[in-house]
Amino acid sequence: MKKPVTHSKTLSQTQRRAQLLTFAAILACAWPAFADDGLQASAKDQYFDETSAVTLFSFDDVSIPFTQNLKLVMRSPQRHPANPVVKRGPENSVDDWAVQFYGSVIRDRSTGKFRMWYVAVSKSERNDRMLPRSAPWRVAYAESDDGITWTKPNLGLVLSGGNTNNNLVKLDPRIGVLNLKVLHDPDDPNPNRRYKMGAHVWTPKSSKRRNGTLAPFVSADGLTWKLATDAVPVDAELQESDTVIPPLHFEPVGGLYKWDGLFYLSGQNAIVASRPYHGRVSRTFISSDFAKWSQTNAIQFVRSHQHHLLGPGKSRIGEQTHEGISVWNRANVLVGISGMWHGTKEWNDVTIDLGFVVSNDGIRFREPAHEHIFLKRGEDGDWDQGGLLQGQGFENLGEQTLLYYGAWDPRVWENSPPRGGVGIATLPRDRLADLIVDSTTEGSGDYQMKKTVSSFMTRSLKIDNAAPRQFYLNADGLNDSATLRIELLDHEMNPLPAYSGRHTAIVSNYGFQTPIVWGSRSLIENLPDRVRLRVTFDGSRKSKIRFNALYIR
């Protein structure tokens with residue numbers, strides 16, 4: 001097998017040098033427009049940051065709606081051998097009872113440092129009956145230079161156990177946080193609001209059960225936080241009169257993201273709606289300023305089993321969606337991880353795996369493959385046995401995609417043993433699923449396979465002609481006998497002469513970001529305002545090709 005390379009076979013040495021000379025200009029011409037993050041990430045990782053590009057994933061059937069003689073094969077990640085990469089702390093530390101990764105990981109593009117926020121609980125505060133019941137649930141911080149080895153810095157911001165020698169972030173005012181997601185929003189004109197945290201907090205209730213709701217926090221540095229409203233918590237809980245979403249039980253921050261200029265939170269509950277479903281489903285509220293939120297919600301994702309109502313008193317039984325959707329914002333598409341709740345009559349049999357979903361509108365999510373278990377819970381005796389949590393942490397680093405997750409074993413929660421930790425699951429960079437030749441179709445012998453056309457065509461893509469474009473391929477299994485032929489078409493599917501026929505790009509080298517070259521051109525200008533791409537699997541060994549993604553910068 002050939003060694004992976006990052007250039008197309010058709011590039012000459014002169015063309016490669018010319019391409020390098022235009023590289024900085026290309027980075028500034030990303031579609032849609034982003035800051036200089038791509039340049040910094042590229043210099044450190046040898047690859048450009050794909051969040052500054054339009055990405056057409058193999059599993060995105062909105063971006064790639066038309067296929068022939070191809071099938072989708074989902075991948076499942078591997079657990080990192082260093083797991084859990086963040087463990088509970090030593091005795092008498094602020095997280096010696098729980099490191100609960102209902103949290104976030106964000107990579108600071110200016111420094112390369114990885115930043116993590118998670119829920120921490122100490123045994124001493126948890127057992128202190130003089131404290132309000134929500135007070136022990138705190139927000140803690142960790143950081144890493146490589147995304148694998150983490151430290152818990154002494155921030156010196158919060159008093160706990162008689163001193164401030166801990167990694168707790170400061171919340172003003174103090175409130176108990178059960179779940180959180182952090183969003184970096186560098187476009188906010190107010191520097192004190194460029195970090196945003198959605199916090200799942202409690203509101204008091206006269207009965208034993210409390211209602212979950214949202215508390216929005218903002219920060220300049222991610223360490224010292226201020227509530228974005230004028231609410232005054234009582235006993236570390238938000239009063240019902242101060243809630244920013246309707247005062248019903250809602251667990252609001254399985255995910256937090258910005259899409260089309262609005263903020264979205266993803267959470268779970270069984271709010272009675274016009275379309276009733278059984279059990280926990282994913283819903284979203286939206287906001288334009290992060291402080292005032294919509295008083296209506298949209299259903300994001302419902303598993304097929306939940307269309308069958310099991311009746312009252314069976315809220316934990318059956319297949320359900322757990323804790324909303326954690327989101328990887330890829331500019332034109334949202335990749336999501338959701339909890340797959342396997343409910344039973346008794347708590348000691350309930351388990352949770354992680355599923356895989358995708359959205360193109362920020363609201364509705366779907367499964368590329370029905371009931372695909374993306375990451376299965378650990379075996380009994382493992383640190384992540386029983387149940388997994390979809391913390392919001394996704395990063396492409398070198399030739400790997402890192403996905404951060406947490407653990408909670410619902411089977412033993414009533415006994416309240418110490419819980420949690422943070423793990424990493426890994427995949428080859430952006431290779432979440434493969435499009436491959438479907439060798440099971442009728443007449444799929446060697447001779448027929450050579451004759452059968454295996455190809456896909458993208459949706460019609462709007463092109464802003466103010467800047468040139470460059471196209472890249474993420475694919476495996478390519479060689480002289482297994483190539484991808486790539487053509488550009490207009491909106492009406494007419495081939496563009498300069499990018500089809502004898503000028504069709506032929507890629508025979510595999511890689512994670514292989515430039516696509518038509519003739520001698522890799523930097524493309526003066527395209528129609530709407531184009532499509534047609535990609536054909538070709539060669540006697542085309543069944544070995546694995547297509548993963550196509551990028552437009």
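**Contacts, cores and ring pairs in a predicted model**

Setting aside neighbours within four places in sequence, L227 touches D172, P173, A215, P216 and F217. The model is a predicted one, and this leucine makes a handy way into it. L227 belongs to strand β13, which covers residues 224–227. With a relative accessible area of 6%, L227 is buried, because anything under 20% falls in that class. Its C-alpha atom sits 9.9 Å from that of K196, and the two residues are 31 apart along the chain.

Zooming out, the chain has 553 residues, and 57% of them count as buried. Its secondary structure adds up to five helices and 35 strands. Among contacts with a separation of 6 or more, 67% are between residues 24 or more positions apart. The accessible surface comes to about 23,200 Å², and carbon and sulfur atoms hold 50% of that.

Next, the nonpolar cores. The largest of these has 34 residues, and F471, L473 and L550 have the most contacts inside it. Several strands give two or more residues to this core: β1 (54–57), β26 (433–437), β29 (469–476), β30 (483–490), β31 (505–507), β34 (530–538) and β35 (546–552). The top contributor is β34, which gives four residues. L473 shows what one of the well-connected members looks like: leaving out neighbours within four places in sequence, it is in contact with L478, L484, I486, V507, G511, F512, Q513, T514, I516, F547, A549 and L550. Another core, of 29 residues, lies apart from this one, and L227 turns up again there, along with L178, Y195 and A231 among others.

On the sheet side, there is an open one of four strands, paired antiparallel in the order β14-β15-β16-β17. Its edges are β14 (251–259) and β17 (298–301), each of which pairs on one side only. Ignoring direction, neighbouring strands here are turned by 35° against each other on average. At one end of the order, β16 (residues 281–287) and β17 run antiparallel and are joined by three bridges. Within that pairing, S282 stands opposite F301 of β17.

Then there are the rings. Aromatic pairs number 22 in total. One of them is W347 with W413, an edge-to-face pair with 5.3 Å centre to centre and 75° between the planes. This pair links distant parts of the chain, 66 residues apart: W347 is in the loop between β19 (334–343) and β20 (351–359), while W413 is in the loop between β24 (400–407) and β25 (419–428). The two tryptophans fall into separate burial classes: W347 counts as buried at 16% relative accessibility, whereas W413, at 32%, counts as partly exposed.

F456 and F547 make a tilted pair, since their planes meet at 45°, with the ring centres 4.8 Å apart. F456 lies in strand β27 (residues 454–457) and F547 in strand β35, so the pair ties together parts that are 91 residues apart in sequence. Both F456 and F547 are buried. F547 is also one of the contacts of L473, and its strand, β35, is among the contributors to the largest core. Finally, F57, F59, F356 and F374 come together as one aromatic cluster.

Terms used:
Residues numbered from 1 in each chain as written. Predicted model: local features only at pLDDT ≥ 70, side-chain atom pairs only at ≥ 80, totals over all residues. Heavy atoms only, no water. Pairing = 2+ DSSP bridges. Axes fitted to C-alpha atoms, helices over the stretch in contact; angles between N-to-C directions. Core = buried A, V, L, I, M, F, W, Y, C linked by side-chain atoms within 4.5 Å. Buried < 20%, exposed > 50% of the residue type's maximum accessible area, 1.4 Å probe, protein only. Contact = heavy atoms within 4.5 Å. Areas by Shrake-Rupley, 256 points an atom, 1.4 Å probe, with all protein chains shown as cover. Phe/Tyr/Trp six-rings, centres within 6.5 Å; stacked < 30°, edge-to-face > 60°.
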